[in-house]
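Biologist: I should like to learn how to read the interior and the sheet of a protein model. Where should one begin?

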Amino acid sequence: LVGVTGPNGKTTTATLLYRLFRSLGYKVGLISTVTYCIDSERRESTHTTPDSVRLNRMMAEMVDRGCEYCFMEVSSHSLVQHRTEGLHFAGAVFTNITHDHLDYHHTFAEYIRAKKILFDALGKEAFALTNADDRNGRVMVQNTRARVAAYSLRSAADFTGRVLEQHLDGMLLRLGGDEVWVGFLGRFNASNLLAVYGAALLLGADRSEVLTAMSCLRPVSG
């Protein structure tokens, strides 16, 4: 189970991880703002992160159907409302944080604290992947027990990326020491893809297989 929190980029990151691991031959679950998936079966999404009863019921179905991975968006609302309480995450990904949802959390500091709940609850066997290009990325993982890794398009990190070329139909990226053509546009998508790349490798996927699968991925609807 891998959680992705944003607000921006979490739907794309979680969905692309779902698609990537399915292309690697695994049965996979997805819980996102756009849709819920139990392997190939799609269901209507009512919340980014559903209530704990529905969430655990769906995960039980995933296990029964042989799913080995589940990628889920984890909203700040769900964390403070304890919807994910009792779940054991193998890893968590932080994409960024902006001044959203302050109608609910009231202050930016409270919003950050809500997001941190996901990382503070990780076990020492889990990974915490954070965006080093967001100045709050380090704050997210400062109290976690998990193995911390960072990704960045700007500076040295565990997973580095760079946009080499951009065209109307996609862009050429350098991820670590490798180059890969992807059917996406924009620096924000380069950052999302770098998060996907880093999370996949932290989960033990083969780098060359991941790069091949990434070249076949397409943008997420919604």
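Modeller: A nonpolar core is a set of buried Ala, Val, Leu, Ile, Met, Phe, Trp, Tyr and Cys residues joined through side-chain atoms within 4.5 Å. In soluble globular proteins, nonpolar side chains tend to be buried together. Please bear in mind that this model is predicted.

Biologist: How many residues has the largest nonpolar core, and which have the most contacts inside it?

Modeller: The largest nonpolar core comprises 42 residues, and L20, F21 and L129 have the most contacts inside it. Helix α7 (residues 187-202) supplies the largest share of this core, nine residues. Apart from that core lies another, of 28 residues, including Y36, V74, A126 and V141.

Biologist: Leaving aside neighbours within four places in sequence, which residues are in contact with L20?

Modeller: With those neighbours set aside, L20 touches V196, A200, V210, A213, M214 and L217.

Biologist: How should one read aromatic pairs?

Modeller: One considers the distance between ring centres and the angle between ring planes; planes over 60 degrees apart count as edge-to-face, and those under 30 as stacked, with the rest tilted. A search of the whole structure yields seven aromatic pairs. For F21 and Y69, the ring centres are 4.6 Å apart and the planes stand at 50°, so this pair is tilted. The pair joins distant parts of the chain, since F21 belongs to helix α1 (residues 10-23) and Y69 to strand β5 (residues 69-73), 48 residues apart. Both F21 and Y69 are buried. Ring pairs also link F21, Y26, Y69 and F71 into a cluster.

Biologist: Why is the pair of F108 and Y111 edge-to-face?

Modeller: Their ring planes stand at 65°, with centres 6.4 Å apart, so the pair counts as edge-to-face. F108 and Y111 both belong to helix α5 (residues 108-120), three residues apart, about one turn of the helix. F108 counts as buried because its relative accessibility is 17%, under the limit of 20%.

Biologist: How is the sheet to be read?

Modeller: Strands of a sheet pair through backbone hydrogen bonds, either parallel or antiparallel. Here eleven strands form an open sheet with mixed pairing, in the order β4-β3-β2-β5-β1-β6-β7-β8-β9-β10-β11. Strands β4 (41-44) and β11 (178-182) each have a single partner strand, so one side of each is left without a neighbour in the sheet. Strand β6 (residues 91-94) pairs with β7 (residues 127-131) in the parallel sense over four bridges, and the bridge partner of G91 in β7 is F127.

Biologist: Which strands does α1 lie across?

Modeller: Helix α1 lies across β1 (2-5), β2 (28-31), β3 (35-38) and β5, running at about 170° to β5.

Note on methods: Residues are numbered from 1 along each chain as its sequence is written. This is a predicted model: local features need pLDDT of at least 70, side-chain atom pairs count only at pLDDT 80 or more; totals for chains, interfaces and linings use all residues. Side-chain values use heavy atoms; hydrogens and water are left out. Buried means under 20% relative accessible area, exposed over 50%, partly exposed in between (1.4 Å probe, protein chains only). Helices (H or I, at least four residues) and strands (E, at least two) are DSSP runs, numbered from the N terminus. Contact means heavy atoms within 4.5 Å. Rings of Phe, Tyr and Trp (its six-membered ring) pair if their centres lie within 6.5 Å; planes under 30 degrees apart count as stacked, over 60 as edge-to-face and the rest as tilted. Two strands pair if DSSP finds at least two bridges between them. Axes are lines fitted to C-alpha atoms, for helices over the stretch in contact, and angles run from 0 to 180 degrees between N-to-C directions.
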